[in-house]
Amino acid sequence: MNNLSTQQPAPQPVQQTQQVQQVPMVQIVAEPSDYEKENNEMKDEIVSAVRAEIKASQEDEMEAVVEDTYYVTGLVGSSEYPGATDVKSNSSTGILVGVETGDNLIIEGGFIYSSYYLDQYYSYYRDLDQYNFTVGAKYSFLKGRVSPTVGALVSYTTRSYDKVYRNDYRYDDKEKTTAFDVGFSAGVDLKVSDGFAVGVDFKYFTNVTQKTSDNYWNSDGNYKVEDFDYYVFNINGKIFF
């Protein structure tokens with residue numbers, strides 16, 4: 001039993017782990033063709049042009065809202081009393097000044113001169129000169145080349161009559177009356193350029209109050225011109241500055 005030795009397990013061979021070196025992947029990107037390059041350049045140009053146009057349009061709109069435009073208008077036309085058939089219009093001229101605001105509102109003031117002939121056998125007057133000093137506000141529906149407007153206005157109106165007897169004996173003095181009238185206006189302007197426009201304008205007035213002297217004679221013994229509504233129709237030229 002003493003001759004028996006303790007058996008020990010035989011040593012196991014050691015396995016060596018071999019590390020595998022990973023080779024990096026190389027991605028191959030195909031170079032775009034000349035056609036694709038031209039398409040991409042064209043797309044970039046179109047996008048840049050659209051952005052520039054939108055920016056310019058927004059800047060123009062902002063300037064249009066902020067800036068006010070001033071103008072002077074010359075008028076020529078006629079004025080009529082539709083209810084007084086014996087009052088004949090000779091001519092009507094005038095001048096207006098105003099400002100157009102960015103919110104389509106127009107403030108305007110001016111002077112209009114109209115002349116008439118009283119064609120009545122039993123009239124104490126023959127010639128009538130009428131002066132309207134007006135102030136009004138208008139609204140413009142469009143801001144483009146064609147601009148229709150409507151508005152309201154008030155007028156301080158003076159009239160000067162030449163006195164005449166039935167036998168055509170003329171006095172040296174004149175009879176004068178004063179009145180306050182109210183009315184409305186309608187018109188349309190056509191812009192020829194940035195600084196000039198032409199158009200037509202219609203103003204209709206009705207009397208609110210009037211003042212005459214004790215020497216004033218009714219035009220035919222029955223009525224006064226001041227009692228009638230009247231209108232002024234003009235062709236105008238407008239200069240902006």
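**Exercise 1. How many salt bridges does the count come to?** Find them in the model, and place their members in the fold.

Solution. The model is predicted, so that local features need pLDDT of at least 70 and side-chain atom pairs count only at pLDDT 80 or more, while totals for chains, interfaces and linings use all residues. Residues are numbered from 1 along each chain as its sequence is written, and side-chain values use heavy atoms, with hydrogens and water left out.

Step 1. A salt bridge is taken as a side-chain nitrogen of Lys or Arg within 4 Å of a carboxyl oxygen of Asp or Glu, and by this rule there are five.

Step 2. One of the salt bridges joins Lys-138 to Glu-108, with 3.2 Å between the closest N and O atoms. This pair links distant parts of the chain, since Lys-138 belongs to strand E4 (residues 125-140) and Glu-108 to strand E3 (residues 105-118), 30 residues apart. Strands (E, at least two residues) and helices (H or I, at least four) are DSSP runs, numbered from the N terminus.

Step 3. Asp-189 and Lys-238 also meet in a salt bridge, at 2.7 Å from N to O. Here strand E6 (residues 170-193) supplies Asp-189 and strand E8 (residues 230-240) supplies Lys-238, the two being 49 residues apart.

Step 4. Lys-203 and Asp-201 form a salt bridge at 2.3 Å, N to O, and a network of salt bridges links Glu-108, Lys-138, Asp-201 and Lys-203.

**Exercise 2. Are Lys-138 and Glu-108 buried or exposed?** Extend the assignment to the other charged pairs described above.

Solution. Step 1. Buried means under 20% relative accessible area, exposed over 50%, and partly exposed in between, with a 1.4 Å probe and protein chains only. On this scale both Lys-138 and Glu-108 are buried.

Step 2. Asp-189 has a relative accessible area of 14% and is therefore buried, as is Lys-238 at 5%.

Step 3. Lys-203 is likewise buried, with 2%, and so is Asp-201, with 4%. For the chain of 241 residues, 32% count as buried.

**Exercise 3. Which strands does E1 pair with, and in what sense?** Set the pairing within the order of elements.

Solution. Step 1. The chain holds one helix and eight strands, which follow the pattern α-β-β-β-β-β-β-β-β along the sequence.

Step 2. Two strands pair if DSSP finds at least two bridges between them. Strand E1 (residues 69-80) runs antiparallel to strand E2 (residues 87-100), to which nine bridges join it, and a hairpin of six residues connects E1 to E2. Within this pairing, Tyr-71 has Gly-98 of E2 as its bridge partner.

Step 3. E1 also pairs with E8 in the antiparallel sense, over 10 bridges, and Val-72 stands opposite Ile-239 in E8.

**Exercise 4. How many aromatic pairs does the count come to?** Describe a stacked pair that joins two strands.

Solution. Step 1. Rings of Phe, Tyr and Trp (its six-membered ring) pair if their centres lie within 6.5 Å; planes under 30 degrees apart count as stacked, over 60 as edge-to-face and the rest as tilted. The count comes to 14 aromatic pairs.

Step 2. Among them is the stacked pair of Phe-184 and Tyr-204, with 5.8 Å from centre to centre and 25° between the planes. Phe-184 lies in strand E6 and Tyr-204 in strand E7 (residues 196-211), so the pair ties together parts that are 20 residues apart in sequence.

Step 3. Phe-184 is partly exposed at 42% relative accessible area, and Tyr-204 is partly exposed at 26%.
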